[in-house]
Amino acid sequence: MSDTSRLIQVEIAADPPSRLDKALARDVPESAALSRSRLARLIAEGQVARGGEVLSDPRARVAEGEVIAITLPPAAEVETRAEAIALDIVHEDDALVVVNKPAGMVTHPAPGTPSGTLVNALLHHFDGNLSGIGGEKRPGIVHRIDKDTSGLLVVAKSDAAHHGLAAQFEKHSAERLYRAVTHRAPDPADPRLRGLRGVSFEPGGIIKITTGLARHRTDRQKQAVLFNAGRHAVTRVTVVERFGDPVGAGLVECRLETGRTHQIRVHLAHCGHGLIGDPTYGGQRKPSAKALGEAAAAALAAFPRQALHAATLGFEHPVSGEWMRFEAPLPQDMQDLLTALRAGQ
């Protein structure tokens with residue numbers, strides 16, 4: 001990590017856009033890993049110059065062949081406090097780290113949770129060894145999983161890695177597979193499911209759920225299924241195991257094509273198969289002791305969080321180009337839940 005400024009020279013190519021900010025966004029070397037928002041901040045901060053003249057107006061005109069100098073200041077320290085919190089590191093190299101996040105840990109600090117988060121723990125783990133994300137010495141959070149969801153996350157350690165990973169998540173080329181326990185097991189032959197809007201079926205017993213997702217109109221903490229509005233969201237669900245069918249529970253795999261807030265939780269609830277333990281979308285239904293057995297039904301009723309785990313994560317390494325794939329076993333609480341369900345059969 002460098003604590004000195006870095007100079008980048010950008011030569012304006014043929015037929016440049018009329019504005020400085022747009023021309024730089026087009027012509028800045030990809031290796032510089034500068035986003036349009038970062039370029040806009042650098043212009044506003046007086047870090048962009050032409051022939052010694054500072055260009056602080058993003059609308060300034062540029063011409064083909066001109067050389068624009070961009071000064072990148074040293075990465076700034078962040079206010080977030082480093083905390084010595086144990087982490088389950090699955091993989092780490094100079095560009096990124098893959099973490100198996102436990103349930104109960106928030107990914108990123110927020111007004112209500114300024115400490116105890118994954119970012120607090122990573123800052124301590126890195127001990128300042130970060131090249132900086134967006135001009136700050138912070139980990140690059142590419143995607144998030146809910147506080148009470150466990151499993152795999154990849155975090156960037158540099159701007160270049162952050163951009164490369166973010167592009168894959170934006171293009172939906174990263175592989176993300178979750179395991180979940182649901183109220184009842186979805187059945188592709190179920191007439192109710194076959195008549196449900198947004199649900200279709202693919203070979204191999206795959207249930208495909210395609211909707212829009214947006215904030216709920218009256219409860220801003222929730223997401224809601226929409227059609228012809230909201231952010232496009234696609235989840236593919238496969239049943240792995242059934243318990244006390246048809247009124248018991250199911251172990252399912254959920255493969256994300258997109259990655260929207262609460263996507264799996266909302267999509268499964270839309271299908272009538274909300275997650276066990278999900279206080280927001282899981283519904284108030286009582287597990288059937290008759291179908292599952294008293295002990296299994298009690299274990300389901302007592303499960304303290306949404307039964308959801310990010311089990312598999314695959315992506316192309318943003319520097320080497322190597323395809324990387326990681327798996328995390330179910331955490332102990334979900335393993336114990338499945339043991340209780342199987343014992344009741």
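**Notebook: cavity, pocket, helix 2**

Entry 1, the cavity. I looked for enclosed space and found that the structure holds one cavity of 30 Å³ or more. The model I am reading is a predicted one. I noted a volume of about 30 Å³ for the largest cavity. Which residues line the largest cavity? I listed H143, L152, R176, Y178, A310, T312 and L313. Strand 9 and strand 15 (308–316) are the elements that give two or more residues to this lining. Strand 15 has the largest share, with three residues. By type, I sorted the lining of the largest cavity into four nonpolar residues, two polar and one charged.

Entry 2, the whole chain. I then stepped back to the chain, which has 345 residues, 45% of them buried. I counted nine helices and 16 strands in the chain. The C-alpha trace spans about 80 × 45 × 40 Å along its principal axes. I also looked up how far apart in sequence the contacting residues are. Among contacts between residues at least 6 apart in sequence, 66% join residues at least 24 apart.

Entry 3, the domains. I wrote down the division of the chain into domain 1 (6–72), domain 2 (89–171) and domain 3 (175–344). How far apart do the C-alpha centres of domain 1 and domain 3 lie? The answer I have is 46 Å.

Entry 4, the pocket. Next I turned to open space. The largest pocket has a volume of about 1,300 Å³. Of the 42 residues that line the largest pocket, I noted R144, I145, D146, T261 and H262 as the closest to its centre. Where does the largest pocket lie with respect to the domains? Domain 2 and domain 3 both give residues to its lining, so the largest pocket lies between them. I then went through the elements that each supply at least two residues of the lining of the largest pocket: strand 7 (140–141), helix 4 (159–170), strand 9 (175–183), strand 11 (206–215) and helix 6 (263–270). Strand 9 was already in my notes as one of the elements lining the largest cavity. By type, the lining of the largest pocket divides into 14 nonpolar, 16 polar and 12 charged residues.

Entry 5, helix 2. I moved to helix 2, residues 36–44, and asked which of its residues are buried. I found R38, L39, L42 and I43. They cover an arc of only 140 degrees around the axis, which puts them on the same side of helix 2. As background, I recalled that an α-helix has 3.6 residues a turn, so residues three or four places apart point the same way. What do the buried residues of helix 2 pack against? My list holds helix 1 (20–27), strand 2 (48–50), strand 4 (67–72) and helix 4. Helix 4 also stands in entry 4, among the elements that supply the lining of the largest pocket. After helix 2 comes G46, where I read a positive phi, near 75 degrees.

Entry 6, D21. Last, I looked up one residue of helix 1, D21. Is D21 buried or exposed? Its relative accessibility is 15%, and the cut-off for buried is under 20%, so D21 counts as buried. Leaving aside neighbours within four places in sequence, D21 is in contact with I43 and P58. I43 is one of the buried residues of helix 2 from entry 5.

Methods. Residues numbered from 1 in each chain as written. Predicted model: local features only at pLDDT ≥ 70, side-chain atom pairs only at ≥ 80, totals over all residues. Heavy atoms only, no water. 1 Å grid on protein atoms, 1.4 Å probe; cavity = no way out; pocket = protein on both sides within 12 Å on 5 of 7 lines; lining within 4 Å. Points joined across faces, edges and corners; volume = space filled by probe spheres on them. Nonpolar A, V, L, I, M, F, W, Y, C, P; charged D, E, K, R; others polar. Domains from an automatic or database assignment. Buried < 20%, exposed > 50% of the residue type's maximum accessible area, 1.4 Å probe, protein only. Arc of directions from axis to C-beta. Contact = heavy atoms within 4.5 Å.
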